[in-house]
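Trainee: Could you take me through one part of this model up close? I'd like to hear about a single residue and what gathers around it, and then how that spot sits in the rest of the chain.

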Amino acid sequence: LVLCATAPLDDALAHAVEAALHAPLLEIYGSTETGQIASRRTTADPAWQLWPGVTLRQHEGRCWAQGGHVRTATPLGDVIELLDDTRFLLRGRNEDMINIAGKRSSLAYLNHQLLAIPGVLDGVFYLPDDDEATRSATGAQRLGALVVAPGLTVEAVRAALRERVDAVFLPRPLKLVTHLPRNTTGKLTQATLRALTGGAA
C-alpha cells in the first residue's frame, strides 16, 4: 500500500506509482485545522470520500467541515465541488482562484493544462501587474505565462493551450525561458517571477 498526503496527484502520476510499486495508492485529504477528513483511490475515482461522521457545507463562499473528530465548523482553504453528501472534487485553493472577464478558474488548473502539453518541461501562469499593456481590447485583465519547452515556439504552445482552456485564459504575454529557478519546495517566488518577466508579475 502507498499512502500520499501531499498536493493531490494527477491521474497519470498515480497510475505510474501503482505500476512501478505494484501496490494500490491511496491519497489522504485534510488540513492542519481539521486533521484528515477524506481519502481516495486516485486511479479508480477522482472524487474524495469523506470519513465517517464528517460533513461539508458551503457557506459565504467557503466550504466548512464539521462532524466526527472535527468538533466545530472549520473553513477549508480549498475550492470544493460537492458531488453528494459524502463525495467531493477539489477545484483549487481559494487564494489560487482568478476571475477573468467573468469566468473563474484556478492557477493550479491552468498550470496543470500547460504542463500536460507534449514538449513542455516546466511552466507557470501568473497574473501580471494591472496596466493597459496587459489588458485585452475589451479591457479584461490578461494572464501571462513562462514556459520551458525546447523545440516549441510561442505559437505552438499557445495553440495547444487553446485546445485545453477557455480563450480568456490564454496567456499574453507568453514567454519561453530556458529554465524556471524554483526554490527547494518547488515554488517560484514573487521576486523570481518579477525578475523573469521584467517586473510585470
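Mentor: Let's start with Tyr29, which has a relative accessibility of 7% and so counts as buried, the cut-off being under 20%. Keep in mind that we're looking at a predicted model. Tyr29 sits in strand E2, residues 25-31, and its ring has company on two fronts.

Take Trp48 to begin with. Tyr29 and Trp48 make an aromatic pair with 5.7 Å from centre to centre and 55 degrees between the planes, which puts it in the tilted class. Trp48 belongs to strand E4, residues 48-50, so this pair ties together parts that are 19 residues apart in sequence. Like Tyr29, Trp48 is buried.

Tyr29 also pairs with Phe88, and here the geometry is edge-to-face: the centres are 5.5 Å apart and the planes meet at 65 degrees. Phe88 is in strand E9, residues 87-93, so here the parts tied together are 59 residues apart in sequence. As for Phe88 itself, it has 0% relative accessibility and therefore counts as buried. Put the pieces together and you have Tyr29, Trp48 and Phe88 linked by ring pairs into a cluster. A search of the whole structure turns up three aromatic pairs.

Now step back to the chain around that cluster. It has four helices and 14 strands, and its C-alpha atoms fill a box of roughly 50 × 45 × 30 Å along the principal axes. Of its 201 residues, 40% count as buried. If you take contacts between residues at least 6 apart in sequence, 44% of them join residues at least 24 apart. The accessible surface is about 11200 Å², with 55% of it belonging to carbon and sulfur atoms. On the charge side there are 20 positive and 21 negative side chains, and the centres of those two sets lie 2 Å apart.

Just ahead of E2 is a spot to look at on the backbone. His22, in the loop between helix H1 (11-21) and E2, has a positive phi near 55 degrees without being a glycine. Its relative accessibility is 72%, so His22 counts as exposed. Ala101 is another non-glycine residue with a positive phi, of about 50 degrees. You'll find Ala101 in the loop between strand E10 (97-100) and strand E11 (103-106), and it is exposed too, with a relative accessible area of 53%. Most residues other than glycine have a negative phi, and most peptide bonds are trans. On the second count, look at Arg172 and Pro173: a cis peptide bond joins them, with omega about 15 degrees. Pro173 is in the loop between H3 and E14.

That brings us to helix H3 (residues 154-162), where Val157, Arg158 and Leu161 are buried. Seen down the axis, the buried residues of H3 stay within an arc of 95 degrees, so they line one face of the helix. What they pack against is helix H2 (107-115) along with strands E12 (122-126), E13 (144-148) and E14 (174-176).

Last stop: Arg182, in the loop between E14 and helix H4 (190-196). With 33% relative accessibility, Arg182 counts as partly exposed. Neighbours within four places in sequence aside, Arg182 is in contact with Asp122, Gly123, Lys187 and Leu188. As for Leu50, its C-alpha atom is separated from that of Arg182 by 34 Å, the two residues being 132 apart along the chain.

Key. Residues are numbered from 1 along each chain as its sequence is written. This is a predicted model: local features need pLDDT of at least 70, side-chain atom pairs count only at pLDDT 80 or more; totals for chains, interfaces and linings use all residues. Side-chain values use heavy atoms; hydrogens and water are left out. Rings of Phe, Tyr and Trp (its six-membered ring) pair if their centres lie within 6.5 Å; planes under 30 degrees apart count as stacked, over 60 as edge-to-face and the rest as tilted. Buried means under 20% relative accessible area, exposed over 50%, partly exposed in between (1.4 Å probe, protein chains only). Contact means heavy atoms within 4.5 Å. Accessible areas come from the Shrake-Rupley method with a 1.4 Å probe; for residues, only the protein chains shown count as cover. Lys and Arg count as positive and Asp and Glu as negative; His and the chain ends are not counted. The place of a charge is taken as NZ of Lys, CZ of Arg, CG of Asp or CD of Glu. The arc is that of the directions from the helix axis to the C-beta atoms.
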